[in-house]
Amino acid sequence: VDVPLLAGDYVRIPKKSFVVTVLGRVVNPGLVPYRDEKGIDYYIQAAGGFGYKADKGDIRIIKANTGAVIEADNDVKIAMGDKIMVPQEKPIDLWGAIKDIGFFLANIATVYIVIDQVVN
């Protein structure tokens with residue numbers, strides 16, 4: 001179907017992105033030229049590899065065509081314009097873990113004392 005253009009109309013053709021963006025904890029975050037059939041590892045290595053305190057197990061991909069955020073694995077196909085996000089490792093909260101363990105042990109002790117008093 002032909003659509004007539006009037007004075008002041010314009011046609012906008014979006015630019016196609018021929019890159020994949022690699023963000024987060026990589027040595028050189030930024031744009032990496034898209035290569036057909038290349039996987040996540042290729043793009044991370046092209047960005048200099050994993051950086052300091054990179055969380056290698058929590059990599060996410062933001063798909064360019066839908067904006068969906070998906071968990072990265074070897075089966076995910078990378079497309080032009082996708083973004084690969086490598087997050088920082090989450091620090092372990094030692095004090096919080098000690099408090100949780102203490103709370104758990106206190107609850108077990110309370111249950112033991114109640115059962116002991118009921119039985120005797």
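**Loops, core and sheet of the predicted model**

Gly-57 sits in the loop that links helix H1 (40–46) with strand E3 (60–62); helices (H or I, at least four residues) and strands (E, at least two) are DSSP runs, numbered from the N terminus. The model is a predicted one, in which local features need pLDDT of at least 70 and side-chain atom pairs count only at pLDDT 80 or more, while totals for chains, interfaces and linings use all residues. Residues are numbered from 1 along each chain as its sequence is written, and side-chain values use heavy atoms, leaving out hydrogens and water.

Gly-57 has a relative accessibility of 65% and therefore counts as exposed. Here, buried means under 20% relative accessible area, exposed means over 50%, and partly exposed lies in between (1.4 Å probe, protein chains only). Between the C-alpha atoms of Gly-57 and Ala-72 the separation is 8.6 Å, with the two residues 15 apart along the chain. The H1–E3 loop also holds Lys-53, a residue other than glycine whose phi is positive, near 60°. Lys-53 is partly exposed because its relative accessibility is 41%. A positive phi, of about 70°, is found for Glu-37 as well, although Glu-37 is not a glycine. Glu-37 belongs to the loop between strand E2 (30–33) and H1, and it counts as exposed because its relative accessibility is 64%.

Turning to the interior, the largest nonpolar core has 16 residues, and those with the most contacts inside it are Tyr-43, Ile-44, Ile-78 and Ile-84. Such a core is a set of buried Ala, Val, Leu, Ile, Met, Phe, Trp, Tyr and Cys residues joined through side-chain atoms within 4.5 Å. Two or more residues of this core come from each of strand E1 (19–24), H1 and strand E5 (83–86), and H1 gives the largest share, three residues. With residues up to four places away in sequence left out, Ile-78 touches Val-20, Tyr-34, Lys-38, Gly-39, Ile-40, Tyr-43, Ile-61, Lys-63 and Ile-84; contact means heavy atoms within 4.5 Å.

Asp-82 offers a polar counterpart to look at. Its place is the loop between strand E4 (69–71) and E5, and a relative accessible area of 1% is why Asp-82 counts as buried. The side chains of Asp-82 and Lys-63 are joined by a polar contact of 2.6 Å. A polar contact is a pair of N or O atoms within 3.5 Å; within protein, one must be able to donate a hydrogen and the other to accept it, and residues adjacent in sequence count only if both atoms are side-chain atoms. Beyond its neighbours within four places in sequence, Asp-82 has contacts that include Val-19, Thr-21, Ile-62 and Lys-77. Thr-21, in strand E1, is buried because its relative accessibility is 15%. Among the residues that Thr-21 touches, not counting those up to four places away in sequence, are Gly-30, Leu-31, Asp-82 and Ile-84.

The strands come together in one open sheet of five, ordered E2-E1-E5-E3-E4, with mixed pairing; two strands pair if DSSP finds at least two bridges between them. E2 and E4 stand at the edges with a single partner strand each, so one side of each has no neighbour in the sheet. From one strand to the next, the twist averages 25°, where axes are lines fitted to C-alpha atoms, for helices over the stretch in contact, and angles run from 0 to 180 degrees between N-to-C directions. E3 and E4 run antiparallel and are joined by three bridges. Opposite Ile-62 stands Val-69 in E4.
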